[in-house]
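Reader: I should like to study this structure step by step. May I put some questions to you while we look at it together?

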Amino acid sequence: MDVEIDDLTVEFSGARVVQDISLRAGSGRFVGLVGPNGSGKSTVLRCVYRALRPTAGAVRLDGEDLLAMSTRESARRLAALPQEAVAEFDFTVAEVVAMGRVPHQRAVARDTDEDRRACAAALDGVGAGHLAGRGFLTLSGGEKQRVLIARALAQQPRVMVLDEPTNHLDIAQQLEVLSLVRTSGLTVLAALHDLNLAALHCDLVHVVDGGRIVASGAPHDVLTPALLAEVFGVRAHRVAHPETGAVQLLFDRLPAQ
Ligand code: ADP
Ligand code: MG
């Protein structure tokens with residue numbers, strides 16, 4: 001499923017924090033938003049998963065206006081992992097994952113076999129099947145993140161929106177979570193703060209600075225030392241990974257002017 005953001009603008013009390021952002025994530029693509037803190041990445045993503053109504057502009061799924069859909073309709077197509085997903089669920093893991101099925105159920109319905117299958121498959125898919133009976137609040141940060149991804153997968157969406165999904169995860173979990181999402185075949189729109197992870201996983205990155213997109217393209221074309229100095233205020237070196245040849249970024253402070 002194709003996601004199109006068209007001339008999105010968001011103002012808070014008259015202050016424009018996102019301005020005329022347009023981008024497209026083609027079906028099955030992994031598209032990243034990178035940029036300094038406060039640049040507007042979460043604000044853009046919140047408009048896509050409908051936590052926020054934009055001041056102007058549109059979001060379309062396969063050409064259909066998202067805001068014209070019922071929330072139930074859009075939730076069948078699009079699942080999100082918000083940046084502040086630390087809701088204090090006093091539920092078991094199995095119950096948290098089952099919440100992902102709500103858009104597929106009638107108003108007052110018991111879980112069907114299909115619901116149960118989808119939840120079990122989603123939990124197994126993130127390697128968390130053994131956690132099903134545990135209380136969500138008893139999990140580590142990495143386990144919680146995996147369960148919330150399972151909940152999003154149980155929703156059986158076509159599009160996944162992820163806001164800094166690797167926060168609070170150790171390095172093995174970071175690599176695991178992104179490759180999991182990557183192999184799901186879904187269209188992914190993700191804000192990523194680790195530029196090396198972004199370079200490794202994204203087909204396309206958009207660099208956001210001050211509420212605008214300042215560069216777009218394949219990570220290796222976009223994440224140049226000149227751009228990283230300009231947007232992030234750091235000195236970057238690009239080196240080839242000794243085994244894979246993948247470009248890695250090394251960072252230093254910019255020399256004092
Ligand atoms: P990022 O995700 O890139 O770190 P955000 O999208 O969270 O950035 O924030 C962009 C800007 O919008 C910041 O300056 C932030 O303070 C401001 N902002 C975000 N949400 C609100 C809000 N609800 N009210 C006022 N300002 C907000
Ligand atoms: Mg953010």
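Author: Certainly. Please bear in mind that this is a predicted model. Let us begin at the ligand: in the model, an oxygen atom of ligand 1 is 2.5 Å from an N or O atom in the side chain of threonine 43.

Reader: Which side chain has an N or O atom 2.8 Å from an oxygen atom of ligand 1?

Author: The residues around ligand 1 include Gly38, Ser39, Gly40, Lys41, Ser42 and Thr43. Glycine 40 contributes a backbone N or O atom, which lies 3.0 Å from an oxygen atom of the ligand. The side chain with an N or O atom at 2.8 Å from a ligand oxygen is that of lysine 41.

Reader: Is helix α1 largely enclosed or largely open, and how many of its residues are buried?

Author: Helix α1 covers residues 41-48. Its buried residues are Lys41, Ser42, Thr43, Val44, Leu45, Cys47 and Val48. The helix is largely enclosed by the rest of the structure, because the buried residues number seven of the eight.

Reader: Which strands does helix α1 touch where it packs on the sheet?

Author: The sheet is open and has six strands in the order β6-β7-β8-β3-β9-β10, with mixed pairing. Its edge strands, which pair on one side only, are β6 and β10. The direction of α1 makes about 150 degrees with that of β7, and the strands it touches are β3, β6, β7, β8 and β9.

Reader: How many residues of β8 are buried?

Author: Thr187, Leu189 and Ala191 point one way from the strand, whereas Val188 and Ala190 point the other way. Residues on both sides are buried. The strand is mostly covered, and the number buried is five of five.

Reader: Which residue of β8 is the bridge partner of valine 159?

Author: Strand β8 runs parallel to β3, joined by four bridges, and glycine 32 stands opposite alanine 190. Strand β8 also runs parallel to β7, and five bridges join the two. The bridge partner of valine 159 in β8 is threonine 187.

Reader: Which residue in β10 stands opposite valine 207?

Author: Strand β9 comprises residues 204-209. Five bridges join β9 to β10, and these two strands run antiparallel. The residue in β10 opposite valine 207 is alanine 215.

Reader: Which helix contributes the largest share of the largest nonpolar core?

Author: This core has 48 residues, and those that touch the most other members are Phe30, Val97, Val147, Val207, Leu223 and Leu228. The largest share is six residues, and they come from helix α5.

Reader: How many residues belong to the second, separate core?

Author: The second core is separate from the one just described. Among its members are Val48, Met69, Val159 and Val161. The number of residues in this core is 28.

Reader: Why does asparagine 167 count as buried, and with which side chain does it make a polar contact?

Author: Asparagine 167 is placed in the loop between β7 and α6. It counts as buried because its relative accessibility is 19%, and the cut-off for buried is under 20%. Leaving aside neighbours within four places in sequence, it is in contact with Gln83, Gln145 and His193. The polar contact, at 3.3 Å, is with the side chain of histidine 193.

Terms used
Residues numbered from 1 in each chain as written. Chains lettered and ligands numbered in written order. Predicted model: local features only at pLDDT ≥ 70, side-chain atom pairs only at ≥ 80, totals over all residues. Heavy atoms only, no water. Core = buried A, V, L, I, M, F, W, Y, C linked by side-chain atoms within 4.5 Å. Buried < 20%, exposed > 50% of the residue type's maximum accessible area, 1.4 Å probe, protein only. Pairing = 2+ DSSP bridges. Contact = heavy atoms within 4.5 Å. Axes fitted to C-alpha atoms, helices over the stretch in contact; angles between N-to-C directions. Near = heavy atom within 4 Å. Polar contact = N/O pair within 3.5 Å; in protein donor to acceptor, adjacent residues only side chain to side chain.
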